[in-house]
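Q: Take a close look at the empty space in this model for me, starting with the runner-up among the pockets. Then carry on into whatever else helps to fill in the picture.

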Amino acid sequence: MKLNTFKKIAGCAIVVTGMFSCQNGDEFFAVERYEKMIYIISEKDNNIFTAEYELTGGGESVKTLPFAISGSNPIDKNVHLSVEYDPEMLYNYNNSNFLDETEKYAHELDSKDFELAMEYVDIKVGADPNYEVGKLPIIIKENILERLSVDSTYFISLRIKEAEPYPVNEAKKNVLYRILKKNKYASQKKDTYYTSLGYIDDGYFSTSKKVMPLSYNSVRVYVGSEVFSNEDSEQMILNKAMKITVGADNKITISPYKEKSTVKVELLTPSDDPNDNSYAYRNEYKPEEMRFYLYYRYDIGQGWKIVRELLTSEEMKKEK
């Protein structure tokens with residue numbers, strides 16, 4: 001009993017300038033210890049927020065830009081804010097990161113290519129005291145997303161225009177809202193790799209290939225055993241990349257990545273004879289296996305090469 005009594009007394013003996021008494025710490029937590037300020041949520045070390053838009057074949061895709069209020073306690077007043085275009089944000093980003101390397105500059109998404117779903121963002125008192133976040137839906141049509149190059153960076157530059165009743169955090173009042181895309185086969189936010197096994201003519205090859213989303217049902221990948229590098233020039237990509245498109249029946253077609261591509265690539269017809277070495281490569285995608293079965297030929301300036309290839313998602317391998 002004496003020991004328990006001593007512990008209780010010791011627990012109540014903490015005195016901070018005589019302000020708090022021993023009442024389970026309620027008085028301490030009732031005091032706001034940080035200034036309440038409105039800000040845009042973004043990455044810790046910069047003012048970038050990344051949104052990955054999903055391509056589904058629908059008319060448009062929606063993601064949200066989040067806002068929050070600093071402080072140790074829930075808000076006691078409703079928050080109301082609006083945003084506007086920030087003309088300096090992207091210029092400063094490109095200038096500070098790339099200087100004269102203009103080919104590396106990020107691009108601004110034109111205002112006509114996206115829509116802010118609401119004019120104002122509100123955060124209501126008591127709506128969710130444990131997670132007080134306001135969300136601004138930003139809508140982009142899928143045909144716009146499909147036109148965005150997977151080799152370029154795209155931003156929407158925004159800043160808080162007006163906000164009340166708390167002050168705005170000047171260090172986090174603006175944002176570069178980065179746009180990435182994904183489909184059921186690949187993602188830009190998290191690099192997607194497929195294990196590639198097969199034969200070029202009669203020679204066996206095995207490698208790992210980066211696959212990138214283009215539209216809701218198409219991806220970009222290099223031909224044969226060619227391997228993509230982030231340092232590859234535009235011309236190298238045009239000379240090595242093909243586009244795989246998956247139909248509603250999971251049958252595939254292939255084509256050069258772009259009209260100005262220099263690579264030549266053609267789908268071949270596999271044999272119906274089970275004893276033929278092309279029989280298993282039916283030019284189809286099997287969702288349950290997350291695998292492409294490919295039979296094609298390509299020419300990147302060294303003559304035609306015939307390819308039998310299995311492309312299997314490495315995510316599937318991890319699950320196993």
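A: Sorted by class, the lining of the second largest pocket comes out as nine charged, five nonpolar and four polar residues (charged is Asp, Glu, Lys and Arg; nonpolar is Ala, Val, Leu, Ile, Met, Phe, Trp, Tyr, Cys and Pro; the others, Gly among them, are polar). Bear in mind that this is a predicted model, where local features need pLDDT of at least 70 and side-chain atom pairs 80 or more, while totals for chains, interfaces and linings use all residues. Numbering runs from 1 along each chain as its sequence is written, and side-chain values use heavy atoms, with hydrogens and water left out.

The second largest pocket holds about 290 Å³ (the space filled by probe spheres set on grid points joined across faces, edges and corners). It has 18 lining residues, and the closest to its centre are A186, S187, K190, T192 and E315. Strands β2 and β11 (192-200) and helix α6 (314-319) each bring at least two residues to that lining (DSSP runs numbered from the N terminus: H or I of at least four residues for helices, E of at least two for strands).

Now for the largest pocket, at about 980 Å³. Its lining takes in 36 residues, with V150, D151, S152, T153 and N230 closest to the centre. Two or more lining residues come from each of β2 (48-54), α3 (89-98), β10, β12 (203-215) and α5 (234-240). The class split for the largest pocket is 14 nonpolar, eleven polar and eleven charged.

How many cavities of 30 Å³ or more are there? Searching the whole structure turns up one, and the largest cavity has a volume of about 40 Å³. On the 1 Å grid over protein atoms alone, a cavity is a set of points where a 1.4 Å probe fits but cannot get out; a pocket is an open set with protein on both sides within 12 Å along at least five of seven lines, and lining residues have an atom within 4 Å of a point. The largest cavity's wall consists of L145, L148, S149, S152, Y154, I179, L180, K181 and Q188. Strand β10 (residues 174-182) is its top contributor, with three residues. That lining counts five nonpolar, three polar and one charged.

On to the salt bridges, where a side-chain nitrogen of Lys or Arg sits within 4 Å of an Asp or Glu carboxyl oxygen: the count is 16. In one of them, R297 pairs with E266, with closest N and O atoms 3.0 Å apart. The two are 31 residues apart and link distant parts of the chain: R297 is in strand β18 (residues 291-299), E266 in strand β16 (residues 264-267). Both are partly exposed, R297 at 25% relative accessibility and E266 at 34% (between the buried cut-off of under 20% and the exposed one of over 50%, with a 1.4 Å probe on protein chains only).

R282 and D272 also form a salt bridge, again with 3.0 Å between the closest N and O atoms. Both lie in the loop between β16 and β17 (284-286), so the pair ties together parts ten residues apart in sequence. R282 is partly exposed at 24%, whereas D272 is exposed at 64%. Elsewhere, E84, D86 and R159 are joined into one network by salt bridges that share partners.
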